[in-house]
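Trainee: Could you take me through one part of this model slowly, and then show me how the rest of the picture can be read in the manner of that part? I would like a connected account rather than a list.

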Amino acid sequence: MPITAHVARALGAALGYAPEHLPEIERALTEPPSLALGDLAFPCFQLARQLRAAPAKIAADLASRITADTLIERAVAQGPYVNLYLDRAAAARQVLGAIAGDPERYGSRNLGGGQVIVLDFSAPNIAKPFHFGHLRSTNIGADLARIFSFLGYRVVRKNYIGDWGTQFGFVIYAWQKWGDLHALRQRAIEYLVELYVRAYKESETDPGVREQARHLFLRLEQGDPDIAALWQQFRELSLAGFMRTYERLGIGFDSYEGEASVNHLVEAVIERFRRASVAVESEGALVVPVSDVLGRELAPMMLRKSDGASTYAARDCAEALDRFERYGFSANIYVVSRQEDHFAQVFAALGKLAEAEGWESRWPQTCENVSFGYVRGMSTRKGEAVWLEDVLDEARDRARRVREEKSAANPRAFPELPEEELERISESVGQAALLYFDVSSRRMSDITFDWDSVLQFEGNTGPYLQYCHARMCGIFRKAAAQGLATTGGPAPTPATLADEEWALVLVLRGFGAAVERAAEGREPHEISQYLHTLASAFNAFYNRHTVIDGAEPLTTGFRLELVGAAQAVLASGLRLLGIRSLELM
RNA sequence: GCGCCUGUAGCUCAACGGAUAGAGCACCGACCUUCUAAGUCGGGGGUUGCAGGUUCGAUUCCUGCCAGGCGCGCCA
């Protein structure tokens with residue numbers, strides 16, 4: 001039985017509660033602010049109301065009625081709280097046993113039961129750079145995908161490439177005017193971006209450019225073969241570039257079908273909206289009024305512009321309907337920044353369509369826009385974007401320099417490694433710094449790009465976690481050299497645990513809860529925060545105690561198991577964040 | 001004007017409605033003959049934007065202000 005359930009049962013017995021109230025008690029349990037005050041706490045405020053007595057009196061009474069057992073050492077009333085001290089050895093046995101039983105899956109749960117979650121993320125625009133700003137959707141989405149998988153959902157990773165729209169009019173306009181085949185072959189995306197920026201800048205002084213671009217896009221949508229061939233070529237070149245970046249980030253998708261792929265569905269869907277009388281004509285355009293659905297003042301959603309071209313919203317509706325038919329999702333999540341109104345319109349419009357057509361649907365409930373903060377200083381149009389590839393390169397190079405400095409200062413601690421191994425480590429450390437930085441704050445906070453904070457390797461950073469993992473591995477290398485257990489498997493537990501050992505056990509106990517918070521709040525930051533707490537607890541332990549030399553054999557055995565458990569959980573958490581665990585740094 | 005989001009230490013950020021609001025960076029001071037010092041320990045630093053309300057209890061929930069960001073039918 002899990003620790004909290006055991007404690008809830010003891011409290012329930014002391015209160016004379018029926019078993020069905022135990023989950024309530026379990027939920028009410030909190031952690032005291034410090035180890036000195038106990039390991040778990042039960043606040044008595046709610047009871048005070050029911051029993052019409054002072055919380056402190058109830059706490060005192062309750063504490064006196066709890067008897068020590070195999071897991072609970074003692075209960076002490078502290079003001080309105082009943083503070084429970086656990087038998088450290090018994091509790092450690094339980095936590096470490098659970099981890100050793102299945103290290104890879106510890107903390108996971110089959111919450112999803114195989115239900116499908118479609119996760120739409122990354123979605124870069126063709127002919128626009130994959131810059132640092134795109135990392136947010138890509139990284140948050142990939143993290144959520146791993147987290148949902150870990151919790152038993154079937155996740156469909158969808159990269160809805162931005163391969164359609166007036167922006168292509170701009171690129172094609174620029175290509176026809178200045179196009180240079182040689183430059184295109186040499187620098188593909190970079191060159192396409194230059195073309196786009198150049199055309200866009202021209203349109204700011206000459207409104208006719210925008211008109212021409214719009215017209216070129218209309219021709220594309222109407223199937224002009226020359227324009228379509230150009231578009232096809234641009235798309236392929238861009239996608240090839242994106243794939244290199246994804247590979248480097250270790251991220252893959254189940255589908256790369258973009259807006260263009262739903263093109264052939266759009267007309268039929270618009271027709272459905274019209275036939276169901278959900279869409280109405282307005283000022284020459286076709287719109288769906290949606291202000292009456294979600295209780296918000298939303299502008300009407302436009303399906304077709306007055307010039308006859310379909311809109312982004314129309315394609316999103318068509319794509320969502322197609323997605324629903326194909327995957328039968330239980331949740332449909334778009335990891336897209338700052339498009340709350342747009343998605344509210346789309347979900348509301350789909351809800352109205354389903355209602356008008358008389359089929360069961362809960363579009364506004366099953367669809368969700370997971371938004372995130374703005375990355376400052378990354379406008380493509382202003383040409384100030386920083387390419388993600390460049391950030392990755394710089395991160396890798398800095399990681400390499402840092403290691404060189406450290407190994408020069410302390411050669412004994414840093415073994416000579418082959419060049420390719422050094423390359424691999426530098427790449428991983430740099431990548432870790434980047435990926436962790438992105439989730440080191442809650443997703444809704446805005447981020448200001450700044451080389452020095454992104455490429456920080458000390459403190460609350462990805463490399464700090466990797467370093468901690470490498471230290472754990474170092475302990476096992478030493479153990480192996482002395483012929484000791486190298487896996488950290490089950491070992492006898494000493495009668496007493498030091499504070500640092502116990503604190504680490506308590507942190508390990510909380511991994512599953514952190515994963516579930518991350519899933520529920522669509523918030524990978526929960527994982528990064530948890531891992532930082534874990535690494536800090538480990539480093540505090542590491543600094544205070546030796547595992548191998550100078551410890552009793554019993555202690556060494558237990559500590560190896562503890563370190564093994566911590567290593568398994570740290571690696572597991574890093575995996576959820578897409579960060580590689582390193583044995584050496 | 002309307003909608004959404006955000007205001008917490010000098011900076012970047014935490015805190016299931018719970019105890020003395022915590023980390024990192026920066027600054028000051030300690031700690032490597034030891035399993036990697038990318039680390040650890042200690043120190044200074046706060047009217048949680050303002051004012052109300054709900055509650056035994058509010059950084060958290062509600063309302064109104066103030067400030068900032070983003071968006072608002074023919075960009076995507």
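Mentor: Let us begin with helix α9, which runs over residues 207-221, has 15 residues and reaches 22 Å from its first C-alpha to its last, close to the 21 Å expected at 1.5 Å a residue. Please keep in mind from the outset that this is a predicted model. Chain A averages a pLDDT of 91, and 98% of the residues score at least 70. Among the elements of chain A, the highest mean pLDDT, 97, belongs to strand β5 (residues 154-158), while the lowest, 80, belongs to strand β11 (residues 375-376). As a general caution, where pLDDT is low, the predicted coordinates should not be read in detail.

Look now at the two ends of α9. At its start, a side-chain oxygen of aspartate 206 comes to within 2.9 Å of the backbone nitrogen of glycine 208. After the helix comes glycine 223, whose phi is positive, near 90°. Between these ends, the buried residues of α9 are Val209, Ala213, Leu216, Phe217, Leu218 and Leu220, and they pack against α7, α8 (181-205) and α10 (225-249).

One of those partners, helix α10, also holds arginine 248. This arginine has a relative accessible area of 15%, and therefore counts as buried, since the cut-off for that word is under 20%. If we leave aside neighbours within four places in sequence, arginine 248 is in contact with Glu389, Leu392, Asp393, Arg396, Glu427 and Gln431.

A second helix can be read in the way we read α9, namely α21, whose 20 residues should span 28 Å at 1.5 Å a residue, and whose end C-alpha atoms are 29 Å apart, which agrees. The buried residues of α21 are His525, Glu526, Ile527, Ser528, Tyr530, Leu531, Leu534, Ala535, Ala537, Phe538, Asn539 and Phe541. They pack against several helices, among them α6 (132-150), α16 (419-439), α18 and α22 (553-576).

Helix α18 is the place of glycine 462, a residue that is buried, with a relative accessible area of 0%. Apart from residues within four places in sequence, glycine 462 is in contact with Ala432 and Tyr436. Its C-alpha is 26 Å from that of arginine 109, and the two residues are 353 apart in sequence.

Next, turn to helix α12, where alanine 320 is found. Alanine 320 is also buried, with a relative accessible area of 0%, and, not counting residues up to four places away in sequence, it touches Phe329, Tyr334, Leu350 and Trp363. From alanine 320 to valine 346 there are 26 residues in sequence, and the distance from C-alpha to C-alpha is 9.0 Å.

Tyr334 leads us onward, for it is also one of the contacts of aspartate 120, together with Lys158, Tyr160, Arg323, Ile333 and Val335, once neighbours within four places in sequence are set aside. Aspartate 120 lies in strand β4 (residues 116-120) and counts as buried at 3% relative accessibility. Its side chain is joined to that of arginine 323 by a polar contact of 2.6 Å.

Finally, consider the RNA, which brings several of these helices together in one view. RNA strand B is surrounded by 71 residues, of which the closest are Tyr81, Arg214, Met302, Tyr467 and Gln529. These surrounding residues divide into 28 nonpolar, 23 polar and 20 charged. Among the elements that each supply at least two residues of this surface are α7, α12, α18 and α21, and α18 gives the most, with eight residues.

Seen from the side of the RNA, 62% of the atoms of strand B within 4 Å of the protein belong to sugar or phosphate, and the rest to bases. Two arginines illustrate the phosphate side: a polar side-chain atom of arginine 412 lies 2.9 Å from a phosphate oxygen of RNA strand B, and an N or O atom in the side chain of arginine 471 is 2.5 Å from a phosphate oxygen of that strand. For the bases, glutamine 339 offers an example, with an N or O atom of its side chain 3.2 Å from a base nitrogen of RNA strand B.

Note on methods
Residues are numbered from 1 along each chain as its sequence is written. Chains are lettered from A and ligands numbered from 1 in the order in which they are written. Side-chain values use heavy atoms; hydrogens and water are left out. A residue is near a molecule or strand if one of its heavy atoms lies within 4 Å of it. A polar contact is a pair of N or O atoms within 3.5 Å; within protein, one must be able to donate a hydrogen and the other to accept it, and residues adjacent in sequence count only if both atoms are side-chain atoms. Helices (H or I, at least four residues) and strands (E, at least two) are DSSP runs, numbered from the N terminus. Ala, Val, Leu, Ile, Met, Phe, Trp, Tyr, Cys and Pro count as nonpolar, Asp, Glu, Lys and Arg as charged, and the others, Gly among them, as polar. The expected span of a helix is 1.5 Å times one less than its number of residues. Buried means under 20% relative accessible area, exposed over 50%, partly exposed in between (1.4 Å probe, protein chains only). Contact means heavy atoms within 4.5 Å. pLDDT is the predictor's confidence in each residue, from 0 to 100.
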